[in-house]
Amino acid sequence: EAKKSEPTVPVMTGQVIEKPMAMRLHAIGTVEPMASVAVKARVDGLIVKVHVRDGQEVAKGDLLFQLDPKPYESELAHAEADLARDQAQLDYARGQETRFKELLASNFVSPEGYAQVAANFRALQSTVAGSQSAVSRARINLGYTSIRATLDGRAGKVLLGEGNLVRANDDQAMVVINQIAPIYVSLAVPENRLGEVRASHKKMPLRVEAAPDKSALLSGTLAFVDNAVDVATGTIKLRGQFANRDRLLWPGQFVDAWVVLGEEEKALVVPTQALQTGPKGQFVYVVATDGSAELRDVPTGRSLNTPSPLSSRPVVTL
């Protein structure tokens with residue numbers, strides 16, 4: 001009886017490709033607003049108008065809340081009246097001081113009489129200065145009744161509406177505004193890669209990439225390297241800055257992120273599936289022209305096990 005031949009095992013082959021390869025560090029990044037402001041009142045007052053809606057995009061200087069200005073308008077009018085009274089008294093005292101100085105030169109008044117008039121004049125100068133300060137303070141407080149945005153950003157939920165009484169620097173914010181364009185992506189890389197990051201950063205600005213979904217890869221720049229290693233995790237915190245014009249990155253979001261340290265111009269690249277591990281290290285099977293396969297030990301470089309969403313599959317450089 002003829003011996004049955006063993007069934008043929010189908011295999012897949014791939015080509016070794018020479019191409020430029022970016023040197024990348026992968027981490028899970030956290031999206032953080034570049035700035036966040038908890039809007040609070042700087043004076044006590046009653047909210048008479050809310051000009052901001054939940055989730056509204058606001059620009060720096062936009063009016064958010066209007067407090068009742070009447071009490072502060074009254075304070076300003078009172079301070080201006082006091083200033084006018086004190087200014088009139090100062091003008092009279094100035095004339096008196098001038099006349100008494102002339103009379104003193106002609107010996108028509110005593111030095112003590114002139115000193116008393118001069119002291120009254122100087123005292124009224126101080127009084128006018130105090131009244132001017134009171135007017136400025138009243139005018140500033142009146143301005144604080146119009147609460148405006150201090151940065152460009154997006155408002156969260158409006159926490160206080162019309163009719164609520166607010167106090168200066170209250171614990172509860174009226175609304176929180178996050179600046180999301182530009183925006184930060186923070187990521188932590190192993191401390192043993194810190195030397196590579198610093199060396200590359202000295203040579204050129206480093207690119208940071210982030211993938212908010214499987215169809216987009218955003219590019220930013222490395223803006224910050226922390227000044228200390230986190231001893232609990234053995235990592236160093238980095239932060240990339242992104243323009244985020246399309247609002248694809250959102251505060252609190254987790255994203256795949258990469259720090260691009262440079263580029264290797266001519267790298268030999270094979271799929272990671274072709275790489276095997278044996279007693280002597282890593283190897284691949286090389287297919288000859290006659291279809292036979294030969295085991296060949298290979299030294300390997302970097303493994304890109306987490307490709308960007310625009311890459312086809314994981315690869316390794318030889």
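In these legends, two residues are in contact when heavy atoms of theirs lie within 4.5 Å of each other. Every view comes from a predicted model.

**Figure 1. Val 185 and its many contacts in the largest nonpolar core.** Welcome to the interior! The largest nonpolar core holds 23 residues, and those touching the most other members are Val 185, Leu 187, Val 197, Leu 238, Phe 242, Leu 249 and Val 259. At least two residues of this core come from each of S1, S8, helix H3 (194-203), S9, strand S10 (216-225), S11 and S12. Strand S8 gives the most, with five residues. Setting aside residues up to four places away in sequence, Val 185 touches Gly 29, Thr 30 and Val 31. Further along the chain, Val 185 also meets Ala 210, Leu 238, Arg 239, Gly 240, Phe 242, Leu 249, Val 255 and Ala 257. Another core, of 20 residues, lies apart from the largest one and includes Val 52, Leu 67, Tyr 72 and Val 158. As background, nonpolar side chains in soluble globular proteins tend to be buried together.

**Figure 2. The cis peptide bond before Pro 182.** Here is a detail to check in your own backbone set-up. The bond that links Ala 181 to Pro 182 is cis, and its omega is near 5°. Pro 182 belongs to strand S8, which spans residues 175-190. For context, most peptide bonds are trans.

**Figure 3. Positive phi at Asn 107 and Arg 247.** Most residues other than glycine have a negative phi. Asn 107 is not a glycine, yet its phi is positive, at about 60°. Asn 107 sits in the loop between helix H1 (70-105) and helix H2 (111-143). Is Asn 107 buried or exposed? Asn 107 counts as exposed because its relative accessible area is 68%, and the cut-off for exposed is over 50%. Arg 247 likewise has a positive phi, near 55°, and is found in the loop between strand S11 (235-242) and strand S12 (254-271). With a relative accessibility of 32%, Arg 247 is partly exposed.

**Figure 4. Val 109 in the loop between H1 and H2.** Which residues does Val 109 touch once those up to four places away in sequence are left out? They are Phe 100, Leu 103 and Leu 104. For a sense of scale, the C-alpha atoms of Val 109 and Ala 211 are 89 Å apart in space, while 102 residues separate the two in sequence.

**Figure 5. Strand S12 and its antiparallel pairing with S1 and S9.** Strand S1 (residues 17-39) runs antiparallel to S12, and 13 bridges join the two. In this pairing, Met 23 stands opposite Gly 262 in S12. S12 is also joined to strand S9 (residues 207-213), again in antiparallel fashion, by five bridges. There, Glu 209 faces Trp 258 of S12 across the pairing. When you look along a regular strand, remember that side chains alternate between the two faces of the sheet.

**Figure 6. Ser 200 on helix H3.** Why does Ser 200 count as buried? Ser 200 has a relative accessibility of 12% and so counts as buried, since the cut-off is under 20%. Apart from its neighbours within four places in sequence, Ser 200 contacts Leu 206 and Leu 261.

**Figure 7. The largest pocket and its lining.** This view may interest anyone who likes open space in a model. The largest pocket contains about 700 Å³ of space. Its lining has 21 residues, and those closest to the pocket centre are Met 12, Thr 13, Gly 14, Ala 274 and Tyr 285. The elements that supply two or more lining residues are S12, strand S14 (281-287) and strand S15 (293-297). S14 makes the largest contribution, four residues. By class, the lining has 13 nonpolar, six polar and two charged residues.

**Figure 8. The largest cavity.** How many cavities of 30 Å³ or more does a search of the whole structure find? The search finds one. The largest cavity has a volume of about 30 Å³. Lys 40, Ala 41, Leu 160, Val 166, Arg 167, Asp 170, Gln 172 and Met 174 line this cavity. The lining divides into four nonpolar residues, one polar residue and three charged residues.

Conventions
Residues numbered from 1 in each chain as written. Predicted model: local features only at pLDDT ≥ 70, side-chain atom pairs only at ≥ 80, totals over all residues. Heavy atoms only, no water. Buried < 20%, exposed > 50% of the residue type's maximum accessible area, 1.4 Å probe, protein only. Pairing = 2+ DSSP bridges. 1 Å grid on protein atoms, 1.4 Å probe; cavity = no way out; pocket = protein on both sides within 12 Å on 5 of 7 lines; lining within 4 Å. Points joined across faces, edges and corners; volume = space filled by probe spheres on them. Nonpolar A, V, L, I, M, F, W, Y, C, P; charged D, E, K, R; others polar. Core = buried A, V, L, I, M, F, W, Y, C linked by side-chain atoms within 4.5 Å.
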